[in-house]
Each structure stands twice: as C-alpha cells, then as structure tokens.
Amino acid sequence: MMSLRAVARTAPRTLTRLSSTALRQTRAAQPSSLLKSSWAPLRSSQLTSAFSTSQLRQAPAAEVDEELSVKLESELEFEGQIKENEQLPASVKDFLENSPFELQDTPGKEDVTLTRKFGNETITVTFSISDLANYEGDDVYNEDSALGDEDVETPDGRRASQAENEESLGEDTEDADAPVPCRLNIVVEKEGKGALNIEALAQDGQILVENFYYFKDPKLAHGDSAETAHQAQDIYPGPPFGSLDEDLQILMERYLEERGVTQALAVFVPDYMDIKEQREYHTWLKDVKEFVDA
C-alpha cells in the first residue's frame with residue numbers, strides 16, 4: 001500500500017537527489033587541472049614536494065560516521081512513532097484468525113507464503129514485498145513536480161501556472177493511499193498428478209487471473225530456482241487466460257475461490273505487504289546503525 005509512511009520517506013530524498021545531481025554536474029563542468037597544465041616533465045623537486053606533503057594531508061577517518069548514526073537513529077524513532085500509532089488492519093486480523101491458510105513469513109526474506117490442504121491437494125500462494133519497490137504508478141511526488149513553478153501547458157493549448165494546478169494535484173493525492181497491485185503465484189498440486197500454476201494479481205479487492213498453467217512436474221510450477229524457471233520456459237503450459245472461452249474463465253475463477261483464493265485474500269495481501277515492509281525496513285535501519293557504530 002502506498003502509505004503515508006512511504007511518502008514521508010521519499011519526499012525529502014527528492015530534493016537531496018536533485019541537489020546532489022546538480023552538484024555532480026557542476027563539478028563535471030569544471031575543467032580538469034591536468035588539462036590546464038602543460039605537458040612539460042616535472043622537476044625532481046616538484047615530485048619530492050608533492051610526495052612529502054601528501055602524507056600530512058590525510059583526511060580524518062570516519063568523519064561522517066557520527067552524523068550518519070544520528071540520522072539513522074532519527075529514522076528509527078520516526079518509524080517507531082508510526083508503529084505506535086498504527087493498529088493491525090481488520091483485513092489482516094480477520095484473515096489470520098479465520099483463513100484456512102497457514103502463513104509462512106521468514107524475517108529478512110522478501111517472499112511470503114500461504115499454504116493449506118484441500119482434499120488431496122496442496123495449495124500454495126506466494127507474494128513478495130518487492131512489488132512495493134518495483135511499482136511504477138502515477139507518482140505525484142516525482143522529481144519533475146519538484147522543480148518549481150514553471151507554467152504547464154493544458155490539453156487545449158492554454159498555459160496555466162503551478163498554482164492553478166494545485167487543485168488537480170490535490171485530487172490526485174487522494175489516490176496515493178490506494179493499494180499496490182500485488183502479484184500472486186498460486187500452485188495447486190496433487191501428488192503424482194502434476195500441478196496447476198496460476199499467475200494472478202490482487203488488486204482493488206479482486207483476484208485478477210492472468211495465466212492458468214499446467215505442469216506435469218510440480219517443481220516447474222513452483223520455480224524455486226533459476227534452473228527450474230529456465231526449464232519451465234521450454235514447456236507449453238497452456239494458452240493465455242484471456243483467450244479462453246468466457247464461461248471457462250468463470251469456472252476457473254470459481255475453482256480458485258472454492259480453494260480460498262477469494263476477495264478476502266485480495267484485500268489481505270496488500271495490507272500485510274505494507275506491514276512486512278515496515279518491519280523489514282525498521283530491521284534494516286537497526287542493522288545498518290549497529291554496523292556504523294561498531
């Protein structure tokens with residue numbers, strides 16, 4: 001979920017990136033001292049002077065460590081305050097208490113797995129917090145908008161100032177807290193019979209099926225390694241889901257619903273991803289600070 005926490009983290013860094021980029025460009029524009037100097041060979045006295053003074057001009061070691069440590073501590077306090085004020089979403093609480101799926105969440109890992117038994121089937125649903133970092137939605141806090149108040153040309157050719165566009169910007173920010181589309185890898189496996197591999201999206205409280213594959217070897221459906229993923233590419237798994245008969249699509253969606261891939265799951269996944277991302281980020285800040293302070 002594109003939460004206020006993510007916005008608060010990102011917005012200040014935008015100006016930092018802009019200023020750093022401008023600084024690098026300014027430095028690059030300055031001619032090198034080597035280009036200014038002639039190609040005449042240096043006298044031995046010049047070489048001796050340069051060598052003797054260089055030993056006396058060593059920069060103090062670890063001069064940024066303290067400042068970095070203070071900043072990391074500030075970020076930890078900020079995350080801690082947000083955590084104190086946040087409550088566990090009802091969608092997460094209800095799903096964990098009432099769902100037949102068992103949650104497997106390993107600290108430090110991006111992937112989260114839900115597993116359950118359904119008759120003679122083993123059902124696995126996997127999703128990853130990497131979708132939060134890779135999401136490329138409409139960002140109202142992009143670097144272009146931070147450049148200032150240049151005029152903006154409207155579709156009808158009229159030019160409007162930045163101030164006149166603030167109202168439309170305010171409307172766009174209402175969608176900033178919309179859930180991020182989350183990719184689901186669903187595997188329905190029967191011992192000795194292969195496995196179905198369903199690629200889907202959890203978006204806006206719905207499960208949107210993209211592909212419905214079948215593999216005789218269940219390992220290819222899980223794709224736990226680069227080798228198995230490569231082997232799966234050489235096998236015909238089935239046609240694109242959208243090209244199937246509409247009635248067949250509906251029945252396959254009902255097939256998934258019967259196994260617990262429901263609207264409740266579609267709401268749970270984005271909310272849990274946000275919780276896990278906050279937890280992993282807090283741990284990362286703590287680990288980096290401990291390393292810097294060591």
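**Exercise 1. Determine what share of the chain counts as buried, and describe the overall make-up of the fold.**

Solution. In this predicted model, 29% of the 294 residues of the chain count as buried. The next step is to list the secondary structure, which consists of eleven helices and eight strands. Turning to the contacts with a separation of 6 or more, one finds that 59% of them are made by residues 24 or more positions apart. Finally, the accessible surface of the chain comes to about 20200 Å², and carbon and sulfur atoms contribute 52% of that area.

**Exercise 2. Describe the largest nonpolar core, and state which helix or strand supplies the largest share of this core.**

Solution. Begin with the membership: the largest nonpolar core has 32 residues, and those with the most contacts inside it are Phe 127, Phe 268 and Val 269. Next, identify the elements that each supply at least two residues, among them helix H5 (90-98), strand S2 (111-118), strand S3 (121-128), helix H10 (246-258) and helix H11 (263-293). The largest share, six residues, comes from H11. Then follow one residue outwards: leaving aside residues up to four places away in sequence, Phe 127 touches ten residues named here in full, namely Glu 110, Asp 111, Val 112, Leu 114, Arg 183, Leu 184, Phe 268, Val 269, Tyr 272 and Met 273. Apart from this core lies another, of seven residues, including Val 187, Ala 195, Leu 220 and Ala 221.

**Exercise 3. Decide whether Thr 124 is buried or exposed, and name its contacts.**

Solution. First locate the residue, which has its place in strand S3. Its relative accessibility is 11%, and because the limit for a buried residue is under 20%, Thr 124 counts as buried. Once neighbours within four places in sequence are left aside, Thr 124 is in contact with Thr 113, Leu 114, Thr 115, Asn 185, Ile 186, Val 187 and His 222.

**Exercise 4. Trace the salt bridges of Glu 121, and work out which parts of the chain they link.**

Solution. The structure holds eleven salt bridges. One of them joins Lys 190 to Glu 121, with the closest N and O atoms 3.8 Å apart. This pair links distant parts of the chain, since Lys 190 belongs to strand S6 and Glu 121 to strand S3, 69 residues apart. The two partners can then be examined for exposure: Lys 190 is partly exposed, at a relative accessible area of 33%, whereas Glu 121, at 3% relative accessibility, counts as buried.

Glu 121 also meets the side chain of Arg 259 in a salt bridge, at 2.7 Å from N to O. Because Glu 121 lies in strand S3 and Arg 259 in the loop between H10 and H11, this pair ties together parts that are 138 residues apart in sequence.

**Exercise 5. Continue from Arg 259 to its salt bridge with Glu 258, and establish the exposure of both residues.**

Solution. The side chains of Glu 258 and Arg 259 meet in a salt bridge, with an N to O distance of 3.5 Å. Arg 259 counts as buried, at 8% relative accessibility, while Glu 258 is exposed, with a relative accessible area of 54%. As a last step, note that salt bridges sharing partners join Asp 105, Lys 276, Arg 279 and Glu 280 into one network.

Methods. Residues numbered from 1 in each chain as written. Predicted model: local features only at pLDDT ≥ 70, side-chain atom pairs only at ≥ 80, totals over all residues. Heavy atoms only, no water. Core = buried A, V, L, I, M, F, W, Y, C linked by side-chain atoms within 4.5 Å. Buried < 20%, exposed > 50% of the residue type's maximum accessible area, 1.4 Å probe, protein only. Helix = DSSP H or I, 4+ residues; strand = E, 2+ residues; numbered from the N terminus. Contact = heavy atoms within 4.5 Å. Areas by Shrake-Rupley, 256 points an atom, 1.4 Å probe, with all protein chains shown as cover. Salt bridge = Lys/Arg side-chain N within 4 Å of Asp/Glu carboxyl O.
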